[in-house]
Amino acid sequence: MSLETLSTNKAFGGTQGVYRHQSRETGVPMVFSVYAPPQAEQGPCPVVWYLSGLTCTHANVTEKGEFRRACAELGLILVAPDTSPRGEGVPDDPGYDFGQGAGFYVDATQEPWAKHFRMESYVVSELPEIVAANFPVDMARQGLTGHSMGGHGALTLALKNPGRWKSVSAFAPISSPMRCPWGEKALGGYLGEERAAWRRYDATALIEDGARIPELLVDQGAADNFLDGQLKPELLEQACRDAGIPLTLRMQPGYDHSYYFISTFMADHLAWHAERLA
């Protein structure tokens with residue numbers, strides 16, 4: 001589990017680092033970022049994992065998420081992986097919503113994607129091993145959040161791994177990939193055309209099929225261009241209501257899908273996680 005340090009910078013008394021390692025799951029080098037607050041110098045800290053959206057790398061939230069002040073105040077480590085394998089020999093698609101930059105946090109079963117596109121196993125198994133071996137994280141206190149495609153990832157991974165993450169939130173998640181163009185393209189391409197196989201990668205379907213999490217915080221911009229066609233938070237809201245899952249869904253007037261929206265409410269989400277990870 002050799003780890004290469006690409007950069008480190010002091011921020012709010014802690015350290016923002018970017019790292020690279022050779023991945024057994026994806027078969028290629030993977031880059032991720034870690035912010036360690038000043039409290040990490042004294043011992044293990046709770047960790048929040050942030051999953052990014054379509055076209056993003058670790059760098060989007062690392063550079064634009066405005067999370068470090070809150071993490072330093074709350075004593076939280078924040079880890080941000082990439083959204084897919086990348087590089088020469090990794091298959092790709094001309095569209096921005098499939099292939100490199102669009103791993104959808106699934107383990108692909110269809111060729112040519114199955115060899116490299118194993119983002120579920122990477123996020124659930126491999127990356128936590130790397131982080132636990134190299135950083136002062138308290139693995140008994142983990143939170144999970146994400147944006148858009150990453151919000152979909154946060155919800156589905158938490159629902160499939162009960163108890164693994166003590167807190168779960170999302171920014172503008174793709175609530176039901178089975179019922180939107182982004183998800184239909186991605187799940188069909190990675191998993192094949194049998195829609196029954198898609199259900200384990202759809203938060204609303206997982207809830208309908210009996211999966212549960214204790215509670216959920218979701219922020220959604222009311223001026224988001226993707227709200228009606230791709231995100232459909234009303235489907236998640238109905239599924240949670242039917243299942244008795246406490247959902248705090250906050251529709252934020254005037255906010256869009258960008259990091260201006262995410263950075264505005266990032267501190268709220270981190271405080272929410274910190275309270276549950278205390």
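Start with the whole chain in cartoon view: nine helices and nine strands make up the secondary structure of this protein, which is a predicted model. The radius of gyration is 17 Å, close to the 19 Å that the globule rule gives for 278 residues, so the protein is as compact as a globular protein of that length. Turn the C-alpha trace along its principal axes and you will see spans of about 50 × 40 × 35 Å. If you colour by accessibility, buried residues account for 59% of the 278. Contacts reach across the sequence too: among those between residues at least 6 apart, 71% join residues at least 24 apart.

Next, the interior. Select Phe32, Val79, Phe104, Tyr190 and Leu270, which touch the most other members of the 88-residue largest nonpolar core. Helix H9 gives this core its largest share, eight residues.

Now centre on Phe104 and show its neighbours. Leaving aside residues up to four places away in sequence, Phe104 touches Leu54, Thr83, Asp97, Met149, His152, Ile174, Trp182, Gly183, Ala186 and Tyr190.

Last stop: the empty space. How many cavities of 30 Å³ or more does a search of the whole structure find? There is one, and the largest cavity holds about 40 Å³ of space. To find the largest cavity, select Trp165, Lys166, Ser167, Val168, Pro214, Glu215, Trp272 and Arg276, which line it. Strand S7 (167-171) and helix H9 (259-277) each supply at least two of these lining residues. Colour the lining by residue class and you get four nonpolar, one polar and three charged.

Notes:
Residues are numbered from 1 along each chain as its sequence is written. This is a predicted model: local features need pLDDT of at least 70, side-chain atom pairs count only at pLDDT 80 or more; totals for chains, interfaces and linings use all residues. Side-chain values use heavy atoms; hydrogens and water are left out. On a 1 Å grid over the protein atoms alone, a cavity is a set of points where a 1.4 Å probe fits but cannot get out, and a pocket is an open set with protein on both sides within 12 Å along at least five of seven lines; lining residues have an atom within 4 Å of a point. Grid points are joined across faces, edges and corners, and a volume is the space filled by probe spheres set on the points. Helices (H or I, at least four residues) and strands (E, at least two) are DSSP runs, numbered from the N terminus. Ala, Val, Leu, Ile, Met, Phe, Trp, Tyr, Cys and Pro count as nonpolar, Asp, Glu, Lys and Arg as charged, and the others, Gly among them, as polar. A nonpolar core is a set of buried Ala, Val, Leu, Ile, Met, Phe, Trp, Tyr and Cys residues joined through side-chain atoms within 4.5 Å. Buried means under 20% relative accessible area, exposed over 50%, partly exposed in between (1.4 Å probe, protein chains only). Contact means heavy atoms within 4.5 Å. The radius of gyration is taken over C-alpha atoms; the globule rule is 2.2 Å times the number of residues to the power 0.38.
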